[in-house]
Amino acid sequence: MRLPALAALAVTTLLLQIPAAVALALDLDRLREILKRIVDFITLGGVALALLGGLLFLLTWVLSHLRQPGDQSRRWLSTPALVLAWIPVLLTGVAAAGMFVPSLAPFILRAFALAVAVAAVAWCVSVAALLAGGTRRDLRRTRRAIILAGTPWYCLVVYLATYL
């Protein structure tokens with residue numbers, strides 16, 4: 001006798017909660033507000049991640065000034081680092097053009113993603129060139145490559161911040 005009474009109580013409790021759940025589900029303004037908060041939270045995390053990446057590039061550039069120039073030229077490493085660093089800058093230009101040219105708008109995030117990936121490779125090559133050293137001219141070329149490779153990260157912070 002006790003088990004059916006407990007089952008009836010559970011069923012009655014659930015039946016009483018259904019109208020409240022339906023009312024909450026049909027409250028589209030509330031759902032829209034919850035989804036907006038989720039998007040804002042994700043965007044804020046993206047801005048923080050992009051800011052951290054940009055600061056990493058700037059910190060590497062600042063620390064690169066501690067490297068003293070040597071006598072031997074290491075042009076074979078600093079020149080490819082600089083050439084490779086221009087690719088993310090150009091891809092960031094494509095992403096920026098997407099904000100002003102409507103036909104390029106679908107490519108904004110793709111261009112940023114590709115620019116960030118290439119910037120990571122360019123940063124690794126630039127750090128290798130920095131560690132290898134070289135003449136004053138080689139180090140100047142390497143420093144320029146490091147600061148240029150960070151371009152997509154700096155611009156990504158600004159782009160994502162527009163959604164906040």
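**View 1. Ring pairs join Phe57, Trp123 and Trp153 into a cluster.** Welcome to a predicted model, in which a search of the whole structure turns up 3 aromatic pairs. Two of the views below take the ring pairs of Phe57 one by one.

**View 2. Phe57 and Trp123 meet edge-to-face.** Here the ring centres are 6.2 Å apart, with 65° between the planes. The pair links distant parts of the chain, since Phe57 belongs to helix H2 and Trp123 to helix H4, 66 residues apart. Are these two residues buried or partly exposed? Phe57 counts as buried because its relative accessibility is 4%, under the 20% cut-off, whereas Trp123, at 23%, is partly exposed.

**View 3. Phe57 and Trp153 form a tilted pair.** Their ring centres lie 6.4 Å apart and the planes make an angle of 35°, so the pair counts as tilted. This contact also bridges distant parts of the chain: Phe57 sits in helix H2 and Trp153 in helix H6, 96 residues apart. Trp153 is buried, with a relative accessible area of 16%.

**View 4. The largest nonpolar core brings together 22 residues.** Those with the most contacts inside this core are Ala85, Phe112, Trp153, Leu156 and Tyr159. Helices H2 (28–64), H3 (75–100), H4 (108–132), H5 (136–149) and H6 (151–161) each supply at least two of the core residues. Which helix gives the most? That is H4, with 6 residues.

**View 5. A closer look at Leu156 and what it touches.** Leaving aside residues up to four places away in sequence, Leu156 touches Ala50, Phe112 and Val116. Both Leu156 and Phe112 are among the residues with the most contacts inside the core.

How values were computed: Residues numbered from 1 in each chain as written. Predicted model: local features only at pLDDT ≥ 70, side-chain atom pairs only at ≥ 80, totals over all residues. Heavy atoms only, no water. Core = buried A, V, L, I, M, F, W, Y, C linked by side-chain atoms within 4.5 Å. Buried < 20%, exposed > 50% of the residue type's maximum accessible area, 1.4 Å probe, protein only. Helix = DSSP H or I, 4+ residues; strand = E, 2+ residues; numbered from the N terminus. Contact = heavy atoms within 4.5 Å. Phe/Tyr/Trp six-rings, centres within 6.5 Å; stacked < 30°, edge-to-face > 60°.
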